[in-house]
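Got the viewer open? Here's a short walk through the model, one selection at a time.

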Amino acid sequence: MAAQARRKLIAGNWKMNKTVPEALTLAREVKGMVAGVPAERVEVALAPPFVSLLAVAAELQGTEVKLAAQNCYWEASGAYTGEVSAPMLASAGCAYVIVGHSERRQYFGETDETVNKRARAVVGAGMTPILCVGETLEEREAGRTLEVVGRQVEGGLKGFQAAEVAGFVLAYEPVWAIGTGRTATSAQAQEVHRAIREQLARLYDQATANRVIIQYGGSVKPENAAELLKQPDVDGALVGGASLKAGDFAAIVKAGL
Ligand code: PGA
């Protein structure tokens, strides 16, 4: 029952790729290829680099494709050279903001605490966080996957009320599967997704847990998307590499139908 009620969300995380003209071309191609996909069943979002947000927003106007940012700072404004705030992203047309991506945790020192502050800012600006969690290979091999992911979920959601969390998107992205070509099996993904939903039911309640969209990310491709997306607790995909090719990304979107 719960699985049917949730829409799927397929988001393209372009990471640090594409100049502004290249981003426009890719957005235009994707827009054409996913036209007609009913957003109430499979919603599509694109997360270009900050500098391309406005151009891509204009390109997506009048479509059901949503705009996402890849990160934000938690203060609304002030002397924070180089940072971009949540209200700025909302004013640029973003519906979603990715927070706590493993590359941000790994290379830019983000912690559950700063991820939580960013998520708070995103919600405060009227957008939806896509909160990323996931274990490293070492942690998986030590049998610590559920403990690590559980701690990241709890830390990222700290202080949020059930009504807020119900609108969240979580993305389970095993670090060993990101950009490596090594995908979690659908059974491995489903196991962690179900554990996250059970944790949400314990932290909040079952109705809230049933509403949260839990995406899988990590080497999602047209060839493996359908199998992953048919798992009962896999509600979409956060796609990196394959989102840079319109045809591949559109095929993943259609695998969610
Ligand atoms: P990938 O990246 O699809 O290239 O593995 C996924 C992500 O980091 O969101």
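For this first stop, a residue counts as near the ligand if one of its heavy atoms lies within 4 Å of it. Keep in mind that you're looking at a predicted model.

**Stop 1: the ligand.** Select the ligand and show what surrounds it: you should pick up 13 residues, with Lys 15, His 101, Glu 173, Gly 179 and Ser 219 as the closest. Colour that shell by class and you get 4 nonpolar, 7 polar and 2 charged residues.

Now go through some of the polar contacts. From His 101, a polar side-chain atom sits 2.6 Å from a ligand oxygen. Gly 179 uses its backbone instead: an N or O atom there is 2.6 Å from an oxygen of the ligand. Click on Gly 240 next, where a backbone N or O atom lies 2.9 Å from a ligand oxygen. How much of the ligand does the protein bury? On its own the ligand exposes 290 Å², and the protein buries 95% of that.

**Stop 2: the loop after strand 1.** Stay with Lys 15 for a moment: you'll find this residue in the loop between strand 1 (8-13) and helix 2 (20-34). Most residues other than glycine have a negative phi. Lys 15 has a positive one, about 50°. Slide along to Lys 18, in the loop between strand 1 and helix 2, and check its phi too: it is positive, near 85°. Lys 18 is partly exposed, at 31% relative accessible area.

**Stop 3: Arg 105.** Jump to helix 5 (residues 102-107), which holds Arg 105. Is this arginine buried or exposed? Arg 105 is buried, since its relative accessible area is 16%, and the cut-off for buried is under 20%. Follow its side chain to the backbone oxygen of Gly 100, 2.9 Å away. Then show the contacts of Arg 105 beyond four places in sequence; among them are Glu 110, Asp 112, Leu 131, Cys 132 and Gln 152.

**Stop 4: the cysteines.** Cys 132 has just come up as a contact of Arg 105, so select it next: Cys 132 is buried, with a relative accessible area of 2%. Why no disulfide here? The closest cysteine sulfur, in Cys 72, is 12 Å from that of Cys 132, too far for a bond. Move over to Cys 72, also buried, at 1%. Its closest cysteine sulfur belongs to Cys 94 at 9.6 Å, again too far for a bond. The disulfide count for the model is 0.

Terms used
Residues numbered from 1 in each chain as written. Predicted model: local features only at pLDDT ≥ 70, side-chain atom pairs only at ≥ 80, totals over all residues. Heavy atoms only, no water. Polar contact = N/O pair within 3.5 Å; in protein donor to acceptor, adjacent residues only side chain to side chain. Areas by Shrake-Rupley, 256 points an atom, 1.4 Å probe, with all protein chains shown as cover. Nonpolar A, V, L, I, M, F, W, Y, C, P; charged D, E, K, R; others polar. Helix = DSSP H or I, 4+ residues; strand = E, 2+ residues; numbered from the N terminus. Buried < 20%, exposed > 50% of the residue type's maximum accessible area, 1.4 Å probe, protein only. Contact = heavy atoms within 4.5 Å. Disulfide = S-S within 2.5 Å.
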